[in-house]
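This report looks at how a ligand is held by a protein chain, and then at the chain as a whole. Please keep the sequence and the structure in view while reading.

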Amino acid sequence: MHTFEQYFLMNTDDVIQYVKAKIESFQNAQQITCKEIGDGNLNYVYRVVNEETKESVIVKQAGTTARISDEFVLSTSRNKIETEALQLQHTLAPGLVTEIYLLDETMSCCVMEDLSHLTIMRTALANFETFPHFAEHITDFLVNTLLRTSDVVLNHKDKKELVAKFTNPELCEISEDLVFTEPFHNNFNRNEVTPGNEQFVQTHLYENEALHLEVAKLKFQFMNNSQSLIHGDLHTGSIFIDQNDTKVIDPEFAFFGPMGYDIGNVMANLIFAFARGDAYQNKEFTEWVENTLFDVMDLFDTKFRIAWDDHATELVAKNVDFKEHYLQNILKDTAGMAGLELARRIVGLAKVKDITTIESIENRLKAERLCLRVAVELILNPSEFQTGGQYLTALQNALQEENK
Ligand code: SR1
Ligand code: MG
């Protein structure tokens, strides 16, 4: 019988005992079921149900290596960063973030709200489902969690304490390698290029010196601009959704970095959904994605300005031209970071199902090139992407190139 006073990696039986020991309402439950449901690259996720009352919770535990590969040896303390980020984001963006019931630093796990009534957004998008409130919800999340953890709003000493608390070197290193370096240099030989696109990748990514310069700038921006508490991995696999609700999960990559990293991830992952929709010629779906790409940029811009006026405490930030300058830089970062996410998910180690599950090889190759063409454009010319309409033009131009 475990007492859970020392870390070990739990199995489903252990998790049942754990929940009985730690969660009061499960203490006397006679019939508990537990299933491992994680499909992420790093951790173990269990759904635990009291079959009598139907109450359910999620237990998420960090192992000592990443699920995707033992090459990534990681401190299990990442679970604390993830849980504390969720707790802070929950207060900043109520209703849009999963709720935490318990953080257990010894077992490197947390117990949280079960969101199984919702669907992981990537899965839903792969089935061409559309979500009318997504753009509204995700821009509320972005503006509130990003602007309100920046020096524009926070007391600067409090912010520096948070920067220290959320220093996350191991998971940042994963992103520095997988997002900012390997897709362009294949320096660890971990890239996997789909046969048929090797020459395209060689020319557009590996041998593109102008691109390498812009990627280097973005990497140093990621490593050195402690702008806000960013989620750090805000792709559509980190979002639960249905027709009414949107809930963000999984901020284990959280740290103080550039706001554009999160916004760019949202934009890039919508573009993956677009590329899949285009591969299956689903016009209704691609139109919804286009509208959503447009709305995310438009709503972010509008809400950011309002939130700035409502919440800025820093005296020099009251200068209207500074607000413009600050926002323009965020939007510039957004474009570059979106380009990086697009490139790394096509050629790098961690791919996305939107593209890998396209059955026709011809269509998959085309979808990949579409994403890479947009990626290169975004990285090379980030200042030209200040509005959603400019992203749509880049998508249409890339489609035209492909259809030539
Ligand atoms: C080793 S982890 C690979 C990827 O999975 C996570 O979700 C992050 O996106 C990371 O880059
Ligand atoms: Mg994750």
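In what follows, Ala, Val, Leu, Ile, Met, Phe, Trp, Tyr, Cys and Pro count as nonpolar, Asp, Glu, Lys and Arg count as charged, and the others, Gly among them, count as polar. The model described here is predicted.

**The ligand and its surroundings**

Ligand 1 sits in the largest pocket, where it is surrounded by N41, L42, I68, F72, L178, D233, H235, F253, R344, R345 and A350. Sorted by the classes given above, the residues of this shell comprise six nonpolar, two polar and three charged.

Among the surrounding residues, N41, D233 and R344 each place a polar side-chain atom at a short listed distance from an oxygen atom of ligand 1.

| Residue | Distance from a side-chain N or O atom to an oxygen atom of ligand 1 |
|---|---|
| N41 | 2.7 Å |
| D233 | 2.6 Å |
| R344 | 2.8 Å |

Alongside these contacts, ligand 1 taken alone exposes 320 Å², and the protein buries 96% of that area.

**The chain as a whole**

The protein chain that surrounds ligand 1 contains 15 helices and ten strands. Its radius of gyration is 21 Å, close to the 22 Å that the globule rule gives for 404 residues, and the protein chain is therefore as compact as a globular protein of that length. Along its principal axes, the C-alpha trace of the protein chain spans about 65 × 55 × 40 Å.

Definitions and conventions:
Residues are numbered from 1 along each chain as its sequence is written. Chains are lettered from A and ligands numbered from 1 in the order in which they are written. This is a predicted model: local features need pLDDT of at least 70, side-chain atom pairs count only at pLDDT 80 or more; totals for chains, interfaces and linings use all residues. Side-chain values use heavy atoms; hydrogens and water are left out. A residue is near a molecule or strand if one of its heavy atoms lies within 4 Å of it. A polar contact is a pair of N or O atoms within 3.5 Å; within protein, one must be able to donate a hydrogen and the other to accept it, and residues adjacent in sequence count only if both atoms are side-chain atoms. Accessible areas come from the Shrake-Rupley method with a 1.4 Å probe; for residues, only the protein chains shown count as cover. On a 1 Å grid over the protein atoms alone, a cavity is a set of points where a 1.4 Å probe fits but cannot get out, and a pocket is an open set with protein on both sides within 12 Å along at least five of seven lines; lining residues have an atom within 4 Å of a point. A molecule sits in a cavity or pocket if more than half of its atoms lie within 2 Å of its grid points. Helices (H or I, at least four residues) and strands (E, at least two) are DSSP runs, numbered from the N terminus. The radius of gyration is taken over C-alpha atoms; the globule rule is 2.2 Å times the number of residues to the power 0.38.
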